[in-house]
Amino acid sequence: MNYKDALNLIISKQSLGIMPGLSRIQKLLAEMNNPQNSIKVIHVAGTNGKGTVSATIANALIQNGYKVGLFTSPWVIDYREQIQINNQFISENELAEYIEKFKENDCSEFEFLTAIMYKFFADQGVDYAVVECGMGGREDATNVEDCNIAVITSISLDHTAFLGDTIEKIAEEKAGIIKENGVCVLYPNPVCEHIFEKVCKEKNAHLIKVEDYCKHWSRNNIATVYKALNLILGDCEFRLAQLPARRERIGGILLDGGHNTDAAKFLEYSLSDDEVAVIGMMADKDIDGYLSIVAPKCRKIFTTTPDNPRAISAAELKKIAGKYCTDVIAIDTPADAVKQAGVTLVCGSFFLARDVRKYLI
């Protein structure tokens, strides 16, 4: 099986949608001899910032001589960027081989990719695997290892249909990655800190809290990374990773894939009061909440429809954006939208970022 065919095979599993529960991936991992239990896992859950925190931890460990696997999602540049060792993507041939070898399964796309990740990292003998949760924690496909260092980043409302409609319910799901007699490093989450204290007590796990809450997201992320790395490296220096489509500057355009209200608040720090924005979002997000923060910063907005079946149409998005900005134009195709004169901001979805980043570069 060549890489193109293998990629089409695994992507075709997107049609299964999001399927909570661990039975399918546990069955597949058993066929692989449970590789997830043969490697040291640093497991990162949270609503915002977990990709940046994961990459920063991985980079610091690499710089200190460790062989480090990194699993993050969603992808923006290349499908293979989700599985990396020492910042090198899994090769096309390797990914195709794993997909072909283990293709007989009933897993979703993310479950299949997660199982391949654990098997690949074990086969390659990584010293640590830094694994970012896809969604939630307790029933996330990544949550299959026996032990880990659990790292929890910022928590806010997102994926409420699956995780619950309150911060406390979502925190309970995120806390599901904490293991018996393990360690949990907790970003300052004042509203739901008690949830993690309770779970850690029940599981006899050691809770390490970032005590000083700061409104600036990057300082909290840095403090969280420092606490996690201190468990392995002791006192160390590092830089916060810059990932594609996370407040990324490309020429005069700011590209950001964040899609919930907290992400909008983080983005707000980087905005002027005169932005010309291209915005595309998924229909299942808190669109009004996001736009109520970002759209007032814009003098003009081009709404568009990302290439994803869950996307809200440009026309429907225009109606909501019009509540907060007087000049809104709907352009269905993202590539056409970003070619409009004066665009300074592209935001609202990682799927939109994936659609347009190559045009911006």
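Here are some friendly notes on this predicted model, point by point.

1. **The sheet.** A good place to begin is the open sheet, which is built from eight strands in the order 4-3-2-5-1-6-7-8, with mixed pairing. Try tracing that order in the structure above. At the edges you will find strand 4 (88-89) and strand 8 (206-209); each has a single partner strand, so one side of each is left without a neighbour in the sheet.

2. **A pair of strands inside the sheet.** Now look at strand 1 (residues 41-45) and strand 5, which run parallel and are joined by four bridges. To find your way along this pair, look for His-43, which stands opposite Val-131 in strand 5.

3. **Helices lying across the strands.** Which strands does helix 5 lie across? They are strand 1, strand 2 (68-71), strand 3 and strand 5, and helix 5 runs at about 15° to strand 3. Helix 8 (residues 193-202) lies across strand 6 (149-152), strand 7 (183-186) and strand 8, running at about 155° to strand 8.

4. **The largest nonpolar core.** In soluble globular proteins, nonpolar side chains tend to be buried together. Here, the largest nonpolar core has 36 residues, and among those with the most contacts inside it are Ile-10, Tyr-79, Phe-112 and Phe-121. Two or more residues each come from helix 1 (3-12), helix 2 (23-31), strand 3 (83-85), helix 4 (92-101), helix 5 (109-124) and strand 5 (128-132). Helix 5 gives the largest share of this core, eight residues.

5. **One residue close up, and another core.** Leaving aside residues up to four places away in sequence, Ile-10 touches Tyr-79, Ile-99, Glu-109, Phe-112, Leu-113 and Ile-116. There is also a second, separate core of 24 residues, including Ala-60, Ile-149, Ala-228 and Leu-243.

6. **The cysteines.** How many disulfides does the model have? The count comes to zero. Cys-192 is in no disulfide, and the nearest cysteine sulfur, that of Cys-184, is 11 Å away. Why is Cys-236 without a bond to Cys-184? The closest cysteine sulfur to that of Cys-236 is in Cys-184, and it is 19 Å away, which is too far for a bond, because a disulfide needs the two sulfur atoms within 2.5 Å.

7. **Buried or exposed?** Finally, check how these two cysteines sit in the model. Cys-192 is buried, with a relative accessible area of 1%. Cys-236, at 15% relative accessibility, counts as buried too, because the cut-off for buried is under 20%.

Conventions. Residues numbered from 1 in each chain as written. Predicted model: local features only at pLDDT ≥ 70, side-chain atom pairs only at ≥ 80, totals over all residues. Heavy atoms only, no water. Core = buried A, V, L, I, M, F, W, Y, C linked by side-chain atoms within 4.5 Å. Buried < 20%, exposed > 50% of the residue type's maximum accessible area, 1.4 Å probe, protein only. Contact = heavy atoms within 4.5 Å. Pairing = 2+ DSSP bridges. Axes fitted to C-alpha atoms, helices over the stretch in contact; angles between N-to-C directions.
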